[in-house]
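Hi there,

Here is the structure I promised to pass on. Have a look at it first, and my notes follow underneath.

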Amino acid sequence: MITQASARWTRLDAPGEDQCRLILDGADWRLLGEARYDEGRGECRLGYDVLCDAAWHTRSATIEGEMTGRPITIRIERQGDEWSLNAIHQLQVTGLIDIDLSFTPATNILPIRRCTPIHGQTIETVAAWLTPDFRLAPLHQTYTREAADIWVYAATNHGFTARLRVHPTGLVINYPGLWTGEVAVG
């Protein structure tokens, strides 16, 4: 396993931080991190391990930690077109290839690295979104590349848009109103 980059983010809308390593694991990619933040009813600490194949298709995600004093253990797996959450089949996200973890900016890297459109081009994708209450739901997204380091992101079924600043590794540096951070290579 070789660390390609490390990211540290500070949350802007509430007290919190996130740190993540982008790891090349053989031919696969891994995001290994931990987010700590105040959820409004108490502190949350969620470690995450997202495994993707060489083409940036999600294979699995493990989330462990605690939320407001309650232990959390979640195992998400994708086999072919099928998804499971803690071994329960998730029909609503059948056929999707990306995971989007609601509590971290780390997973924005998946469609950015997989698609990398030319400037001005928009890509549309639907992610299996791990919601704040730990369910999987389809999240319709677009990513429009405005410049080498600027992407306009939209969660179209939520009416949300943000102009992201992205490091050459694909990791988000600035997520206006939500996260700001820095990325170190190696």
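Before the details, one term: two strands count as paired if DSSP finds at least two bridges between them. With that in mind, Asp100 stands opposite Trp129 in β10. Please remember that this is a predicted model. The chain averages a pLDDT of 94, and 99% of the residues score at least 70. Among the elements of the chain, β7 has the highest mean pLDDT, 98, and helix α1 (residues 109-115) the lowest, 92.

**Strands β9 to β11**

Strand β9 (residues 98-101) runs parallel to strand β10 (residues 122-130), and 4 bridges join the two. On to the next partner: β10 and strand β11 (residues 136-147) are antiparallel, with 9 bridges between them. One of the facing pairs is Thr122 with Thr144 in β11. These two strands make a hairpin with 5 residues between them.

That turn holds something you may like. Phe134 lies in the loop between β10 and β11, and its phi is positive, about 65 degrees, although Phe134 is not a glycine. Is Phe134 buried or exposed? Its relative accessibility is 12%, so Phe134 counts as buried, the cut-off being under 20%.

**The other hairpins**

Going back towards the start of the chain, strand β2 (residues 16-25) and strand β3 (residues 28-38) are antiparallel and joined by 10 bridges. Cys20 faces Gly33 in β3. Their hairpin has 2 residues between the strands, and Gly26 there takes a positive phi near 70 degrees.

β3 also pairs with β4, again in the antiparallel sense, over 10 bridges. Here Tyr37 has Cys44 in β4 as its bridge partner. This hairpin has 4 residues between the strands, and Gly40 takes a positive phi near 105 degrees.

Further along, strand β6 (residues 70-79) and β7 run antiparallel with 4 bridges, and Glu77 stands opposite Ser84 in β7. In their hairpin, with 2 residues between the strands, Gly80 has a positive phi near 65 degrees.

β7 goes on to pair with β8, antiparallel, through 2 bridges. Leu85 is set opposite Ile88 in β8. There are 2 residues between these strands as well, and Asn86 takes a positive phi near 50 degrees. Ala87 lies in the loop between β7 (82-85) and β8 (88-89). Ala87 is not a glycine, yet its phi is positive, about 70 degrees. Where Phe134 is buried, Ala87 is exposed, because its relative accessible area of 73% is over the 50% cut-off.

**Two residues to click on**

Try Trp56, in the loop between β4 (43-52) and β5 (58-67). What does Trp56 touch, leaving out residues up to four places away in sequence? The list is Leu22, Trp29, Asp98, Ile109, Leu110, Arg113 and Arg114. Trp56 is also 7.5 Å from Pro111 in space, C-alpha to C-alpha, with their positions 55 residues apart in sequence. At a relative accessible area of 5%, Trp56 is buried.

Then try Asn174 in strand β14 (residues 172-175). Leaving out residues up to four places away in sequence, Asn174 touches Arg163, Leu164, Arg165, Trp179 and Thr180. Ala162 is 12 residues from Asn174 in sequence and 9.7 Å from Asn174 in space, C-alpha to C-alpha. Asn174 is partly exposed, with a relative accessible area of 27%.

**The largest pocket**

Last, the largest pocket has a volume of about 500 Å³. How many residues line the largest pocket, and which lie nearest its centre? The lining has 25 residues, and Leu101, Ser102, Phe103, Trp129 and Leu178 lie nearest the centre. The elements that give two or more residues to this lining are β9 and β12 (150-155). By class, the lining has 16 nonpolar, 5 polar and 4 charged residues. Trp129 turns up twice in these notes: Trp129 is among the residues nearest the pocket centre, and Trp129 in β10 stands opposite Asp100.

Happy browsing, and best wishes!

Notes:
Residues are numbered from 1 along each chain as its sequence is written. This is a predicted model: local features need pLDDT of at least 70, side-chain atom pairs count only at pLDDT 80 or more; totals for chains, interfaces and linings use all residues. Side-chain values use heavy atoms; hydrogens and water are left out. Buried means under 20% relative accessible area, exposed over 50%, partly exposed in between (1.4 Å probe, protein chains only). On a 1 Å grid over the protein atoms alone, a cavity is a set of points where a 1.4 Å probe fits but cannot get out, and a pocket is an open set with protein on both sides within 12 Å along at least five of seven lines; lining residues have an atom within 4 Å of a point. Grid points are joined across faces, edges and corners, and a volume is the space filled by probe spheres set on the points. Ala, Val, Leu, Ile, Met, Phe, Trp, Tyr, Cys and Pro count as nonpolar, Asp, Glu, Lys and Arg as charged, and the others, Gly among them, as polar. pLDDT is the predictor's confidence in each residue, from 0 to 100. Contact means heavy atoms within 4.5 Å.
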